[in-house]
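Visitor: Hi, I've got a structure open and I'd like a quick tour. Can we go through it piece by piece?
Guide: Sure, let's put it on the screen.

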Protein chains: 2
Amino acid sequence: MAETKKTAPSARRREIVEIATGLFLENGFAATSMAAVAEAAGLTKASLYHHFPGKEELFAACVTHGYAAELERLRDIASGDASDAPEKMRAAINALYETIISSQVGRMSPLIAEVSRSFPTVARSFHDDYIGPQHEILCKMIDEGVASGQFADVDRKVFLHLVFGPIVTLSLSREMFATFQDLEEHFPVAHLRDGHVDMLMQALAKPLAV
Amino acid sequence: MAETKKTAPSARRREIVEIATGLFLENGFAATSMAAVAEAAGLTKASLYHHFPGKEELFAACVTHGYAAELERLRDIASGDASDAPEKMRAAINALYETIISSQVGRMSPLIAEVSRSFPTVARSFHDDYIGPQHEILCKMIDEGVASGQFADVDRKVFLHLVFGPIVTLSLSREMFATFQDLEEHFPVAHLRDGHVDMLMQALAKPLAV
DNA sequence: GTCTATAAGTAGATAGAC
DNA sequence: GTCTATCTACTTATAGAC
């Protein structure tokens, strides 16, 4: 019953992954060396290689880590009271803004683009395990609203394009221009988010009966 | 009057820049070595260093190269007939789709995010010399439409967020998932673009007088 | 599981001949 | 303006002791 049996190993891995994620976000994939990760995590390089077979797998673990929590949150919102579909949709989009702009997983997008050229597997699992489910959840919310007569029957692909587009780009811009001192003035998250949500709700609004 | 006087040097540079841009887009910044660029351009590394003092400057030249043409195109559209503001706006957004999705400059965004962490100067000039002017041109088009009573007086920052957001994200997604065989099915540019434009025109539409 | 030591290779960049 | 040859620093990854 030693603590080093089934719990401790994954805890250490988790710790390493969290530290590595921070470094990857700060410096990019290529510019983050295994040595730097090891040092930051208080190990030597060789020990790090004991936990992860290679840099690709370490990065993949960083991307995967956090999915569960983010998706869980969205599912919670989606499974809420169906009587006020617009309010539910607002809550979901606000949650997406928070996730994609602030969380480590959300900010990973440009990194994944960087890495996916060398390791297409990473992009594939990011798409299948994270993007896909997110889209599914939102689609179901729209279906529900349409069925109950609260939403117009919008084109799903276009709507998702309009939902995620501005959020992801805002995140990318903020990564890109992170060194700007007037970042918040250039990209005021709350203001842009509110305008964005208003537009989406207008697009979902059922046109008056003719 | 030798041909190698004032025209040839810049022509050679231009050629190198175009080849380097392709490599950067294909492999990313860090994964593209100066040796690879030199080989692709038919030079040795040392000769490449004769043309560009370093990798940063080479990349900056790649980013800058192409601005002029893209901005010129947008300015052409913006300076056209003011009597049909909506049609002009449609044309401008269609042009942006083409530029950002297809052109080399447009597809550079995730790369710039990668590089900007190490070289903030690159991001700064990208913002000031490309993004800034683009926004200015679009804002003037809105001003014009508002002044002539064809557009509602929308929040400019929000509107730009809604214009560029979906386009840039679509470009990023297509870079990210470039290895997918069903890419066009997942991200059908023309379809998404048309739905996007419709939404934007609706947002700009002047509400009926009360 | 963690360490020291090192392999094996590649990066950006430069010196100096032609 | 282009070359050959080279330097230094750093990369991922491994071998083997403890």
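**A chat about DNA strands and two chains**

Guide: Let's start at the DNA. A polar side-chain atom of A:Lys55 lies 3.0 Å from a phosphate oxygen of DNA strand D. Keep in mind that this is a predicted model.

Visitor: Okay. Which side chains of chain B have an N or O atom by a phosphate oxygen of strand D?
Guide: B:Ser47 is one of them, with a side-chain N or O atom 3.1 Å from a phosphate oxygen of DNA strand D. B:His51 is another, and there the distance is 2.5 Å.

Visitor: How many residues surround strand D?
Guide: 16 residues surround DNA strand D. The closest are A:Lys45, A:Tyr49, B:Thr44, B:Ser47 and B:His51.

Visitor: What part of the DNA do they meet, backbone or bases?
Guide: Both. Of the atoms of DNA strand D within 4 Å of the protein, 51% belong to sugar or phosphate. The rest belong to bases.

Visitor: Which helices supply that surface?
Guide: α3 of chain A and α1 and α3 of chain B each supply at least two residues of the surface near DNA strand D. The largest share comes from α3(B), with four residues.

Visitor: And how do the residues there divide up: nonpolar, polar, charged?
Guide: Near DNA strand D there are six nonpolar, seven polar and three charged residues.

Visitor: Now the other strand. Which residues are closest to strand C?
Guide: A:Thr44, A:His51, B:Lys45, B:Tyr49 and B:Lys55 are the closest. In total, 16 residues surround DNA strand C. Sugar and phosphate make up 53% of the strand C atoms that come within 4 Å of the protein.

Visitor: Where do side chains come up to its phosphate oxygens?
Guide: B:Tyr49 is one place, with a side-chain N or O atom 2.8 Å from a phosphate oxygen of DNA strand C. B:Lys55 has a polar side-chain atom 2.8 Å from a phosphate oxygen of that strand. From chain A, the side chain of A:Arg12 has an N or O atom 3.5 Å from a phosphate oxygen of DNA strand C.

Visitor: Which elements give two or more residues to the surface there?
Guide: They are α1 (8–27) and α3 (45–51) of chain A, together with α3 (45–51) of chain B. α3(A) gives the most to the surface near DNA strand C, with four residues. The residues of that surface divide into six nonpolar, seven polar and three charged.

Visitor: Switching topic. How do you lay chain B on chain A?
Guide: With a turn of 180° and a shift of 0.0 Å along the axis. The RMSD is then 0.1 Å. That is the relation of a two-fold axis.

Visitor: Which residue of chain B comes closest to the axis?
Guide: B:Gly165, whose C-alpha is 2.3 Å from the rotation axis.

Visitor: How many residues are in contact between the two chains?
Guide: 46 residues of chain B are in contact with 46 residues of chain A. The area buried between them is about 3800 Å². Carbon and sulfur atoms give 70% of that area.

Visitor: Which three residues of chain B supply more of the buried area than any other three?
Guide: B:Arg117, B:His161 and B:Met176. They supply 18% of the area that chain B buries against chain A.

Visitor: How many salt bridges are there between chain B and chain A?
Guide: Zero. The interface does have nine residue pairs in polar contact, both residues at pLDDT 80 or more.

Visitor: Which helix gives the most to chain B's side?
Guide: α9(B), with 13 residues. The side of chain B that touches chain A divides into 23 nonpolar, 14 polar and nine charged residues.

Visitor: Why do the copies meet through the same surface?
Guide: Look at the overlap. 100% of the interface residues of chain B are also interface residues in chain A, so the copies meet through the same surface.

Visitor: Last topic, chain A alone. How many helices and strands?
Guide: Chain A has 11 helices and zero strands. Its C-alpha atoms fill a box of roughly 70 × 50 × 25 Å, taken along the principal axes.

Visitor: And how many salt bridges over all chains?
Guide: The count comes to 22. One example joins the side chains of A:Glu144 and A:Lys88, at 2.8 Å from N to O. A:Glu144 lies in helix α8 and A:Lys88 in helix α6 of chain A, so the pair ties together parts that are 56 residues apart in sequence.

Notes
Residues numbered from 1 in each chain as written. Chains lettered and ligands numbered in written order. Heavy atoms only, no water. Least-squares fit on C-alpha atoms with pLDDT ≥ 70 in both. Contact = heavy atoms within 4.5 Å. Near = heavy atom within 4 Å. Polar contact = N/O pair within 3.5 Å; in protein donor to acceptor, adjacent residues only side chain to side chain. Nonpolar A, V, L, I, M, F, W, Y, C, P; charged D, E, K, R; others polar. Buried area = accessible area lost by both parts, 1.4 Å probe. Salt bridge = Lys/Arg side-chain N within 4 Å of Asp/Glu carboxyl O.
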